[in-house]
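Student: Hi! I'm new to this one, could you walk me through it?
Tutor: Happy to, let's have a look together.
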Amino acid sequence: MCFYGPQFGVRTRPGSSAVKYTDAKRLEEFRTARGRGLVAGGIIAYRNNR
């Protein structure tokens, strides 16, 4: 699975700390970005050609 976009809730936002940037806030950021069409995702087939 692959995701692409500017807001995933992975990096601590500027002006925030890791303690304040809780899992709930990360999920909220991801859902907001998804709702605005800023996040795309898809399933990509992987083949090891070795």
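Tutor: We'll talk about some aromatic rings, a surface patch and an arginine. Keep in mind that this is a predicted model.

Student: Okay, how many aromatic pairs are there?
Tutor: The count comes to three aromatic pairs. Take Phe 3 and Phe 30: their ring centres are 6.1 Å apart and their planes sit at 85 degrees, so this pair is edge-to-face.

Student: Where in the chain do Phe 3 and Phe 30 sit?
Tutor: They come from distant parts of the chain, 27 residues apart. Phe 3 is in strand 1, and Phe 30 is in helix 1, which covers residues 23–35.

Student: And is Phe 30 buried or exposed?
Tutor: Phe 30 is buried, because its relative accessible area is 18% and the cut-off for buried is under 20%.

Student: Which other ring pairs with Phe 30?
Tutor: Phe 8 does, and that pair is stacked, with 6.3 Å from centre to centre and 25 degrees between the planes. This pair also links distant parts of the chain: Phe 8 is in the loop between strand 1 and helix 1, 22 residues from Phe 30 in helix 1.

Student: Why does Phe 8 count as partly exposed?
Tutor: Because its relative accessible area is 26%, and partly exposed runs between 20% and 50%.

Student: So what do Phe 3, Phe 8 and Phe 30 form?
Tutor: Those three form one aromatic cluster.

Student: Let's go back to Phe 3. Which strand is it in, and what are its residues?
Tutor: Phe 3 is found in strand 1, residues 2–4. With 43% relative accessibility, Phe 3 counts as partly exposed.

Student: What makes up the nonpolar surface patch?
Tutor: Phe 3 again, together with Met 1 and Ile 43. The patch has an area of about 410 Å².

Student: New topic: where is Arg 26?
Tutor: Arg 26 is in helix 1. Although Arg 26 is buried, it has no salt bridge.

Student: What's the nearest side chain of opposite charge?
Tutor: That's Asp 23, at 4.4 Å from Arg 26. A salt bridge has to be within 4 Å, so this one doesn't qualify.

Student: Which backbone oxygen lies 3.1 Å from a polar atom of the Arg 26 side chain?
Tutor: The backbone oxygen of Gly 9.

Definitions and conventions
Residues numbered from 1 in each chain as written. Predicted model: local features only at pLDDT ≥ 70, side-chain atom pairs only at ≥ 80, totals over all residues. Heavy atoms only, no water. Patch = residues over 30% accessible without salt bridge, like charges linked within 9 Å, V, L, I, M, F, W, Y side chains within 5 Å. Areas by Shrake-Rupley, 256 points an atom, 1.4 Å probe, with all protein chains shown as cover. Helix = DSSP H or I, 4+ residues; strand = E, 2+ residues; numbered from the N terminus. Buried < 20%, exposed > 50% of the residue type's maximum accessible area, 1.4 Å probe, protein only. Phe/Tyr/Trp six-rings, centres within 6.5 Å; stacked < 30°, edge-to-face > 60°. Lys, Arg positive; Asp, Glu negative; His and termini not counted. Polar contact = N/O pair within 3.5 Å; in protein donor to acceptor, adjacent residues only side chain to side chain.
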